[in-house]
Amino acid sequence: MEKLTHNTDGHAILGGALGHQADRVAEWPLVMEDMPFGDSVMMKSPLRLSVHPARLFSLPPGRRLALLCLLCLLLLTAGLDAASFARLPEHNLYTIGALAEIINVLTLLFMFWVVQCAALSPRTYLFLTLGLGGWLVSGTIDLMDEAYFQPWWLSTVEDSLRSLGMVATAWGGLLMVQQMYGTQVRLSSLAMSDELTGLSNRRAFRVVLASHAEEGTPLLLLDLDHFKQINDRHGHDTGDDVLRDFSTLLRRLCPPDGVAARLGGEEFAMLLPGFSGSQARDLAERIRSETEALGAGEGIPFTVSLAVGTCRAGEEVGEWIRRTDLALYQAKARGRNRVELA
């Protein structure tokens with residue numbers, strides 16, 4: 001996809017050719033096709049959870065201590081069981097049942113190790129660690145039952161630990177899913193919003209636009225006038241402040257059902273479902289006048305040119321954008337700081 005460049009009056013165009021408005025519109029769908037929803041554009045490769053044994057030496061001291069305590073507790077449980085209770089005349093260690101219990105213990109040990117290696121919230125880590133730890137102690141007692149006599153009270157302890165461990169593990173799993181969902185929501189929000197202004201970005205606006213391409217729906221395209229000169233004269237930090245201030249104005253004036261977006265550079269857009277063409281024209285004029293006043297009040301004059309395009313019956317999204325964009329160019333050509341109808 002071509003990058004945004006600027007002409008001498010600051011009007012952002014694609015590929016540097018003002019006459020290629022159709023190319024500019026045609027590039028929009030590539031944002032959705034080339035970048036799947038939810039993927040982080042800031043990472044070249046996905047993060048990977050490492051469970052290699054060498055990971056032990058890079059774990060926080062508290063997690064290494066948790067592993068040591070668990071191993072000591074399991075050995076202590078097995079030792080006390082062997083020292084306190086009589087050995088069965090015929091053990092069952094070579095049965096299918098004993099093999100299944102060994103597999104259960106090893107699986108729980110591996111899950112416990114994964115929890116120690118994972119980046120989890122403190123509450124999630126606590127519930128999973130305690131739950132799996134209790135479950136492992138129960139599994140160890142159950143395994144020793146294949147070789148040693150087990151009194152009724154120990155069976156009760158075993159069942160209680162297993163139940164409590166399963167409940168705590170299940171709750172920790174729920175917290176982990178909630179944590180993952182919250183992370184996904186935040187990443188999705190970052191992927192669909194503009195980092196500098198907090199408005200929707202081009203990708204998000206394209207999705208909304210496609211779902212509201214109905215006859216009579218107004219679209220505003222906005223372009224800050226002479227923005228390149230602001231950057232050249234006052235620096236890019238000042239230019240960023242102008243973009244943020246203008247975005248705040250758009251957010252304030254955008255109706256509850258509307259969507260305001262930054263398309264790139266100094267280009268913005270606003271979709272106005274439920275508005276009539278005349279209402280959109282009035283809002284565009286209000287944005288123009290308040291932008292002029294905002295620039296005058298901050299000591300760095302800046303204005304905005306706008307175009308209002310109402311979707312026609314059976315009109316494709318690309319044609320709708322192209323027609324409105326041509327009106328925006330007319331606003332620029334006719335002196336800027338004005339509203340043109342497409």
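Threonine 169 touches Phe127, Leu128, Gly131, Leu132 and Trp135, when residues up to four places away in sequence are not counted. This contact list is a convenient place to enter the structure, which is a predicted model. Threonine 169 itself sits in helix α6, a helix that covers residues 152-191. Its relative accessible area is 12%, and because buried means under 20%, threonine 169 counts as buried.

One of the residues it touches, tryptophan 135, can now be looked at from its own side. Tryptophan 135 belongs to helix α5, which runs over residues 122-144. Although 34 residues separate tryptophan 135 from threonine 169 in sequence, the distance between their C-alpha atoms is 8.7 Å. Once the neighbours within four places in sequence are left aside, tryptophan 135 is in contact with Leu108, Leu161, Arg162, Gly165, Met166 and Thr169. Its relative accessibility is 24%, so tryptophan 135 counts as partly exposed.

From this pair of residues we can step back to the whole protein. The protein has 342 residues, and 42% of them are buried. Its secondary structure comes to 11 helices and seven strands. If one takes the contacts with a separation of 6 or more, 72% of them are accounted for by residues 24 or more positions apart. The accessible surface comes to about 18,300 Å², and carbon and sulfur atoms hold 62% of that area.

The interior can be followed through its nonpolar cores. The largest of these has 27 residues, and those with the most contacts inside it are Leu220, Leu222, Leu224, Leu250, Met270 and Ile287. Two or more residues of this core come from each of β3 (218-224), α8 (227-234), α9 (236-253), β5 (267-271), α10 (277-298) and β6 (304-310). Of these elements, α9 gives the most, with six residues. Leucine 224 shows what such a position looks like in detail: without its neighbours within four places in sequence, leucine 224 is in contact with Val242, Leu243, Phe246, Glu266, Phe268, Phe302, Thr303, Val304 and Lys332. A second core, separate from the one just described, has 21 residues, and Trp113, Tyr125, Leu128 and Leu154 are among them.

Two of the helices that contribute to the largest core also pack against each other. The axes of α8 and α9 are 7 Å apart and the helices pack at an angle of about 140°, which means that α8 is oblique to α9. On the α8 side the meeting residues are Phe227, Ile230, Asn231 and His234, while α9 brings His236, Thr238, Gly239, Val242 and Leu243. Sorted by class, this contact has four nonpolar residues, five polar residues and no charged residues.

Finally, the loops hold two residues whose backbone deserves a careful look. Most residues other than glycine have a negative phi. Histidine 226, however, has a positive phi of about 50° although it is not a glycine. Histidine 226 is found in the loop between β3 and α8, and it counts as partly exposed because its relative accessible area is 30%. Arginine 336 is another residue, also not a glycine, that has a positive phi, here near 65°. Its place is the loop between α11 (317-333) and β7 (339-341).

Key: Residues are numbered from 1 along each chain as its sequence is written. This is a predicted model: local features need pLDDT of at least 70, side-chain atom pairs count only at pLDDT 80 or more; totals for chains, interfaces and linings use all residues. Side-chain values use heavy atoms; hydrogens and water are left out. Helices (H or I, at least four residues) and strands (E, at least two) are DSSP runs, numbered from the N terminus. Buried means under 20% relative accessible area, exposed over 50%, partly exposed in between (1.4 Å probe, protein chains only). Contact means heavy atoms within 4.5 Å. Accessible areas come from the Shrake-Rupley method with a 1.4 Å probe; for residues, only the protein chains shown count as cover. A nonpolar core is a set of buried Ala, Val, Leu, Ile, Met, Phe, Trp, Tyr and Cys residues joined through side-chain atoms within 4.5 Å. Axes are lines fitted to C-alpha atoms, for helices over the stretch in contact, and angles run from 0 to 180 degrees between N-to-C directions. Angles under 35 degrees count as roughly parallel, over 145 as roughly antiparallel, 65 to 115 as roughly perpendicular and the rest as oblique. Ala, Val, Leu, Ile, Met, Phe, Trp, Tyr, Cys and Pro count as nonpolar, Asp, Glu, Lys and Arg as charged, and the others, Gly among them, as polar.
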